[in-house]
Amino acid sequence: MPETKPAREYVNGAIVDKPMPKGKHSRLQSRLAREIDLLAEEGKIALALTELRCTFGGRSLVPDIAVVRWDSLPLDADGEIADRFDCPPAWTIEILSPEQSATLVMEKILFCLDRGAELGWLVDPQAKSVSVFHASAAPRVYLLGDALPLPVISGLEALALSVEEIFGWLKV
């Protein structure tokens with residue numbers, strides 16, 4: 001099907017609308033992608049791509065941020081980044097919108113992990129929390145006030161972002 005705005009996803013045989021991002025969502029999405037790329041792109045570790053359609057495992061998903069390892073980036077015949085991504089990102093980041101079901105968004109992250117993703121984050125601007133999902137560990141919720149750096153994919157440990165720092169970006 002042709003692309004739409006806002007994007008739609010194909011999940012369990014149904015086409016599902018993604019909510020249109022609002023202020024907090026948009027700010028967190030753009031700033032988080034920028035912070036990841038500042039470290040990841042220069043070292044050719046990964047790229048943080050926003051609203052990237054990823055089609056795999058019988059689904060077509062559009063994570064808010066898809067962090068794709070450099071060596072997994074599909075290239076076209078000209079050696080440029082391809083338009084089609086047929087595998088899960090290494091790190092899936094979803095930012096919960098007020099009208100979204102946290103359960104359905106978590107299921108989407110878990111689906112990616114089951115098919116090869118390494119890490120998933122569910123950023124909740126209302127609860128000021130980040131739920132972290134690993135391919136090989138129990139999920140953990142980090143709350144505002146936690147000073148610990150959030151887990152990231154290997155190679156990006158220098159990122160060292162905390163929940164406090166991420167939600168601090170909402171103050172302008």
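**Charges and core in a predicted model**

User: Hello! Is Arg84 buried or exposed?

Analyst: Happy to start there, and keep in mind that this is a predicted model. The relative accessibility of Arg84 is 57%. The cut-off for the upper class is over 50%, so Arg84 counts as exposed.

User: Which side chain meets Arg84 in a salt bridge?

Analyst: In general, side chains of opposite charge can pair when their charged atoms come close. For Arg84, the N to O distance in the salt bridge is 3.0 Å. The partner, at 44% relative accessibility, counts as partly exposed. That partner is Asp86.

User: How many residues apart in sequence are the parts tied together by Lys108 and Glu94?

Analyst: Lys108 and Glu94 are both buried. They form a salt bridge, with 2.8 Å between the closest N and O atoms. Lys108 belongs to helix H2 and Glu94 to strand E7, so the pair ties together parts whose separation in sequence is 14 residues.

User: Nice. Which residue forms a salt bridge with Arg69?

Analyst: Arg69 has 16% relative accessibility, so this residue counts as buried. Its partner has 32% relative accessibility and counts as partly exposed. Their side chains meet at 2.9 Å, N to O, and the partner of Arg69 is Glu118.

User: How far apart along the chain are Arg69 and Glu118?

Analyst: The salt bridge joins Arg69 to Glu118. Arg69 sits in strand E6, while Glu118 is in the loop between helix H2 (102-114) and E8. The pair thus links distant parts of the chain, and the separation is 49 residues.

User: How many salt bridges are there by this rule?

Analyst: The rule asks for a side-chain nitrogen of Lys or Arg within 4 Å of a carboxyl oxygen of Asp or Glu. Lys108 with Glu94 is one of the pairs, at 2.8 Å. The count comes to five.

User: Which element gives the most residues to the largest nonpolar core?

Analyst: That core holds 29 residues, and Ile36, Val67, Trp91, Ile93 and Trp121 have the most contacts inside it. Elements giving two or more residues include strand E3 (46-50), E6, E7 and helix H3 (163-168). With five residues, the element that gives the most is H1.

User: Where is Asp76 placed?

Analyst: Asp76 joins Asp78, Glu80 and Asp83 in a patch of negative charge on the surface. At 31% relative accessibility, Asp76 counts as partly exposed. Its place is in the loop between strand E6 (65-69) and strand E7 (91-95).

How values were computed:
Residues are numbered from 1 along each chain as its sequence is written. This is a predicted model: local features need pLDDT of at least 70, side-chain atom pairs count only at pLDDT 80 or more; totals for chains, interfaces and linings use all residues. Side-chain values use heavy atoms; hydrogens and water are left out. Patches are made of residues with over 30% relative accessible area and no salt bridge: like charges are joined within 9 Å, nonpolar side chains (Val, Leu, Ile, Met, Phe, Trp, Tyr) within 5 Å. Accessible areas come from the Shrake-Rupley method with a 1.4 Å probe; for residues, only the protein chains shown count as cover. Lys and Arg count as positive and Asp and Glu as negative; His and the chain ends are not counted. The place of a charge is taken as NZ of Lys, CZ of Arg, CG of Asp or CD of Glu. Helices (H or I, at least four residues) and strands (E, at least two) are DSSP runs, numbered from the N terminus. Buried means under 20% relative accessible area, exposed over 50%, partly exposed in between (1.4 Å probe, protein chains only). A nonpolar core is a set of buried Ala, Val, Leu, Ile, Met, Phe, Trp, Tyr and Cys residues joined through side-chain atoms within 4.5 Å.
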